[in-house]
Amino acid sequence: MNRHPNPGVLRRLVDEPAGVTDADRAHVAGCADCLTGLADATADATAAGAALRTRADDVDVPAAWDRLSAALPAAASPARTARRRGRAPRAAGVRRPLAAAVAFAAVLSVAGVAAANDWLPVFRTEQVAPVAFDSADLVALPDLSAYGTVEVTGDGDLHTVADPAAAAAETALDVPEVAELPGGVVGDPSVQVGGQASAVFTFSDDLAAQAGGQAPPAGLDGSQVRLVAGPGVAQIWSSASGVPALVVATAVAPSADSSGVPFQTLRDYLLSLPGLPDDLAAQLRTFTADGSTLPLPVPADLVDSSSADVDGVTATVLESRDRSMAAVVWVEDGVVTAVAGSLGADEVLEVARGLR
Amino acid sequence: MADRQLHAVRGDLEQVFRRHYPAVVAVAARVLGGRAEAEDVAQEVFLSFGRSTVPAGEAGGWLSVAAAHTALNHLRSGRRRSDREVAVVSGEPTTVPDVVDDVLAREAHGQVRAALAALPRTQAVALVLRHSGLSYADVATALDLSPGSVGTTLRRAEAALRKELHQ
């Protein structure tokens with residue numbers, strides 16, 4: 001057992017775990033003292049985040065530039081100032097783009113989903129359901145690369161196209177059209193297309209033995225699971241400063257198939273890997289019982305999840321605790337659609353229900 | 001030479017301003033609580049930047065640190081300006097809800113201001129920058145710390161802040 005990482009390392013695990021060494025992560029996952037320290041660090045960081053929350057999210061940049069120009073020495077080009085005055089409408093501003101970015105990445109990049117969760121479910125997505133986990137659980141999720149090899153066989157090749165029609169032609173998807181943009185969101189969207197993304201995971205008894213986990217069931221060595229998602233299209237409305245205010249994304253939902261290994265065998269093995277918290281494993285066992293529900297990992301300490309009806313389909317609504325971001329996600333006929341943005345839950349639902 | 005310096009405003013100021021202004025306001029607002037006061041700080045910061053020779057590639061980090069320091073200086077000196085004055089300068093009509101919201105937010109933020117003002121300066125700046133979204137590496141560069149010690153500094157600041165707020 002290596003020595004305890006210092007409190008600074010525990011702090012970094014809270015919000016930038018990629019910056020912590022594997023050795024430290026492994027130590028923390030198996031050390032009661034460090035897990036307690038991590039819980040304390042998480043609680044303090046969450047409290048500080050709440051205390052430092054701001055509402056400075058709708059600044060008027062053109063007006064502020066005018067003000068600065070007036071204060072600058074005469075040499076600072078008044079002509080330029082006059083030309084810009086009043087040009088941009090007082091738009092949505094820089095409401096926090098994180099939800100939009102996350103939803104976008106989750107829908108378009110299945111490789112990203114797998115890497116973020118260290119998790120490769122075997123299923124065909126027919127619905128989505130939130131799986132609540134504590135931020136601290138992130139350190140404990142098993143690293144699948146210790147149990148086999150992952151080969152990314154298609155990376156989706158994300159690129160921008162001219163308009164929704166071009167995206168539809170390229171992906172053969174029905175690209176949803178937003179009936180009415182929410183207040184503060186203006187202009188035409190930028191349209192991005194991702195092709196099909198796929199990855200193959202090959203189980204290895206040798207790697208599993210080195211990782212010190214439970215031995216895989218007989219016959220799993222060398223068997224493969226192939227994960228496929230996409231293509232997908234995202235329409236992104238930016239605010240005046242260039243960050244996303246609204247994202248409407250649609251993609252062929254993820255599916256997975258294995259090389260002859262039954263779903264239940266894979267599921268039970270994956271859920272038995274060390275480090276997966278018991279309550280999270282129990283939730284996943286329920287949600288993936290039929291191999292058709294895509295678990296959406298949701299940090300329960302930061303995000304509230306609920307369900308709502310979108311044109312007869314049950315959708316999952318996610319909203320950040322500070323009410324600055326919201327997303328709604330649903331699956332219909334093998335296609336997953338997400339509407340997200342720095343908006344309220346009622347606003348994203350209205351956009352979702354108004355899609356044509 | 002003095003005259004020349006007075007008028008030497010860097011040519012990329014408008015471009016940098018439009019790109020970074022919202023982020024600079026957000027950093028200051030985390031310290032000060034209210035947007036109007038944070039916008040005052042942002043104006044000061046960009047005036048300084050306009051006279052500086054900071055490389056454009058380092059503008060984001062420089063502006064964030066400057067916003068945190070300037071806002072913390074405002075806290076300590078207790079300087080205030082009225083929302084109305086800001087609205088007049090910026091050419092925006094004053095709307096009642098904005099003013100009410102800002103006043104309420106400032107009330108709620110009073111304890112946080114006091115706690116921030118009591119922290120050692122490096123801790124306070126690291127705390128504000130990290131919660132404004134800068135990475136550990138960015139905070140380390142901005143404060144001339146090693147990335148490893150950013151976590152330690154942050155941990156101390158958050159523990160102290162929480163203790164202060166729960167007294």
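Is A:Cys34 buried or exposed? At 3% relative accessibility, A:Cys34 counts as buried. The model described here is predicted.

## Cysteines of chain A

A:Cys31 also counts as buried, with a relative accessibility of 9%. For both residues the cut-off that applies is 20%, since buried means under 20% relative accessible area.

No disulfides are present over all chains; the count is 0. A:Cys31 is in no disulfide, and the nearest cysteine sulfur to it belongs to A:Cys34, 3.6 Å away. Seen from the other side, the closest cysteine sulfur to that of A:Cys34 is in A:Cys31, and 3.6 Å is too far for a bond, because a disulfide requires the two sulfur atoms to be within 2.5 Å.

## Chain A overall

Chain A has 356 residues, of which 50% count as buried. Its secondary structure consists of 12 helices and 14 strands.

Contacts in chain A between residues at least 6 apart in sequence include 70% that join residues at least 24 apart. The chain exposes about 15,700 Å², and carbon and sulfur atoms supply 53% of that area.

## Helix H2 of chain B

Helix H2 of chain B covers residues 13-32. Of its 20 residues, 17 are buried, so the helix is largely enclosed by the rest of the structure.

H2(B) spans only 25 Å between its end C-alpha atoms, whereas a straight helix of 20 residues would span 28 Å at 1.5 Å a residue. The helix bends by about 55° at B:His20, and the proline B:Pro22 follows within four residues. Just after H2(B), B:Gly33 takes a positive phi of about 90°.

## Aromatic pairs

Over all chains there are 5 aromatic pairs. One of them joins B:Tyr21 and B:Phe46, whose ring centres are 6.1 Å apart and whose planes meet at 40°. This pair is classed as tilted, because an angle under 30 degrees would count as stacked and one over 60 as edge-to-face.

The pair links distant parts of the chain: B:Tyr21 lies in helix H2 and B:Phe46 in helix H3 (residues 35-51) of chain B, with their positions 25 residues apart in the numbering. B:Tyr21 and B:Phe46 are both buried.

These two residues also belong to a cluster linked by ring pairs, together with B:Phe17 and A:Trp65.

Note on methods. Residues are numbered from 1 along each chain as its sequence is written. Chains are lettered from A and ligands numbered from 1 in the order in which they are written. This is a predicted model: local features need pLDDT of at least 70, side-chain atom pairs count only at pLDDT 80 or more; totals for chains, interfaces and linings use all residues. Side-chain values use heavy atoms; hydrogens and water are left out. Buried means under 20% relative accessible area, exposed over 50%, partly exposed in between (1.4 Å probe, protein chains only). Rings of Phe, Tyr and Trp (its six-membered ring) pair if their centres lie within 6.5 Å; planes under 30 degrees apart count as stacked, over 60 as edge-to-face and the rest as tilted. Helices (H or I, at least four residues) and strands (E, at least two) are DSSP runs, numbered from the N terminus. The expected span of a helix is 1.5 Å times one less than its number of residues. The bend at a residue is the angle between axes fitted to the seven residues ending there and the seven starting there. Contact means heavy atoms within 4.5 Å. Accessible areas come from the Shrake-Rupley method with a 1.4 Å probe; for residues, only the protein chains shown count as cover.
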